[in-house]
Amino acid sequence: MAKSSKSILVVSDMHVGSATSICSLEPQITELGTVHLPNKLQLALNEAWYNCIDDLEQKPTLLVVNGEPCDGANKKQVGQQSWTTNVYDQLEDASKLLKDIPYENLIFVRGSTYHVQIDGTNFEEIIAKQMGAEKYKAYGGEGLTDYYALIEMYGKTFNFTHHVGYNKWAAYRTTALAREMAGMVFEKDKMGRADVIIRSHVHYFVHIEFTHSHGFTTPAWKFPDAHLFRSGVAGTTPDIGMVEIIIEPNGEIIIQKHIAEMEIKPLVSHFMYCSSVALIKTIFHGGSSHREQMIEDKYLRQRITTWT
């Protein structure tokens, strides 16, 4: 019987729990006995999630969640911009989304301590047990997850870990990854060959191919929160999606990105000016009634006319 191709699907940085991240259509808030109503951004991310699943070339032989399925307690913002800081609820909703991917096998790789760990408790370890994930411990021992993973298919080795250097500027986004790929050459005698290097954390997709190796960073499922705006807005908008790796029986590797074209855009407030008249129109929705205000500015004096 002829061999068929296999595939690895890589998902990362879901950050479920954040108000700027993906969630299901009815995330449970168990403490209150209610559900969270997804905002417009979350609805768009949810739609993109299922569009990416529909676009897969084949059923994944292996699904790798390369860190941070949940957002965690969000301590630095004291829970601001979170629909829940209950990690149980976050993991339940993340697993609901992941179960809709038709994978055959599943592993989790650990992400940033800030998002996925409190003291000695790692949340990827919890969700891995809940979802029946395959065990990966680099040097054995108890538990199901580790900070990196080495996977082999059809003689090709795939090297996963969550972290890699981040750069806001697109021109330099390949630098940290290329440095990591070059550095891994010197790890060959210690860790074995890496044909494909997969990193996450940065929330953008870049792909580098050298003569005998590939490297890429994975897109994310979270739009920026307050933390990312500390140095300005440029370079903060993420790539949203998943990456599918197809491995042919002859060892050929195909990197198939599934990047969502997000139609949702941030609000732009429009102020309309006509000659010396400034018109600002505001509509307050209250059932069937509307209230409109026009502000006229003539000869540097303001006259406000209001009617209902």
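Leaving aside its neighbours within four places in sequence, which residues is His36 in contact with? Keep that question in mind while you open the structure, which is a predicted model, and begin the tour by selecting His36.

**First stop: His36**

You will find His36 in the loop between β3 (34-35) and α1. Once its neighbours within four places in sequence are set aside, the residues in contact with His36 are Cys23, Leu25, Pro27, Ile29, Gln42 and Trp83. With Gln42 there is also a polar contact, in which the two side chains are joined at 2.8 Å. His36 counts as buried because its relative accessibility is 14%, and the cut-off for that word is under 20%.

**Second stop: helix α2**

Now select residues 87-98, which form α2, and show Asn86 as well. Asn86 caps the N-terminal end of this helix, with a side-chain oxygen 2.9 Å from the backbone nitrogen of Tyr88. If you ask for the distance between the end C-alpha atoms of α2, the value is 16 Å, and this agrees with the 16 Å that its 12 residues should span at 1.5 Å a residue. The helix is mostly covered, since 9 of its 12 residues are buried, and among them are Val87, Leu91, Ala94 and Leu98. As you colour them, it helps to recall that an α-helix has 3.6 residues a turn, so residues three or four places apart point the same way. The partners against which the buried residues of α2 pack are β2 (28-29), α1 (40-54), β4 (62-65), β5 and α4.

**Third stop: helix α4**

Move next to α4, residues 123-130, where the buried residues are Phe123, Glu124, Glu125, Ile127 and Ala128. At the start of the helix, look for Asn122, from which a side-chain oxygen reaches to within 3.0 Å of the backbone nitrogen of Glu124. Those buried residues pack against α2, and also against β5 (105-108), α3 (113-116), β6 (117-118) and β7 (121-122). After α4 comes Gly132, which has a positive phi, near 70°.

Continue along the chain to Gly143, in the loop between α4 and β8 (148-153). Although Gly143 and Ala128 are 15 residues apart in sequence, their C-alpha atoms are 9.2 Å apart in space. Not counting residues up to four places away in sequence, Gly143 touches Glu125, which you met in α4, together with Lys135 and Lys137.

**Fourth stop: Thr236**

Select Thr236, which lies in the loop between β12 (214-217) and β13 (241-247). Its relative accessibility is 5%, so Thr236 counts as buried. The side chain of Thr236 reaches the backbone oxygen of Val233 at 2.6 Å, and, apart from neighbours within four places in sequence, Thr236 is in contact with Lys168, Pro224, Leu228 and Phe229.

**Last stop: two pockets**

Finish with a surface view, and select His115, His203, Asp225, His227 and Leu228, which lie nearest the centre of the largest pocket among its 30 lining residues. This pocket has a volume of about 650 Å³, and its lining divides into 8 nonpolar, 12 polar and 10 charged residues. For the second largest pocket, select Phe223, Thr237, Ile264, Lys265 and Pro266, the residues nearest its centre out of a lining of 18. The second largest pocket holds about 440 Å³ of space, and its lining is made up of 12 nonpolar, 3 polar and 3 charged residues.

Methods. Residues numbered from 1 in each chain as written. Predicted model: local features only at pLDDT ≥ 70, side-chain atom pairs only at ≥ 80, totals over all residues. Heavy atoms only, no water. Buried < 20%, exposed > 50% of the residue type's maximum accessible area, 1.4 Å probe, protein only. Helix = DSSP H or I, 4+ residues; strand = E, 2+ residues; numbered from the N terminus. Contact = heavy atoms within 4.5 Å. Polar contact = N/O pair within 3.5 Å; in protein donor to acceptor, adjacent residues only side chain to side chain. Expected span 1.5 Å × (residues − 1). 1 Å grid on protein atoms, 1.4 Å probe; cavity = no way out; pocket = protein on both sides within 12 Å on 5 of 7 lines; lining within 4 Å. Points joined across faces, edges and corners; volume = space filled by probe spheres on them. Nonpolar A, V, L, I, M, F, W, Y, C, P; charged D, E, K, R; others polar.
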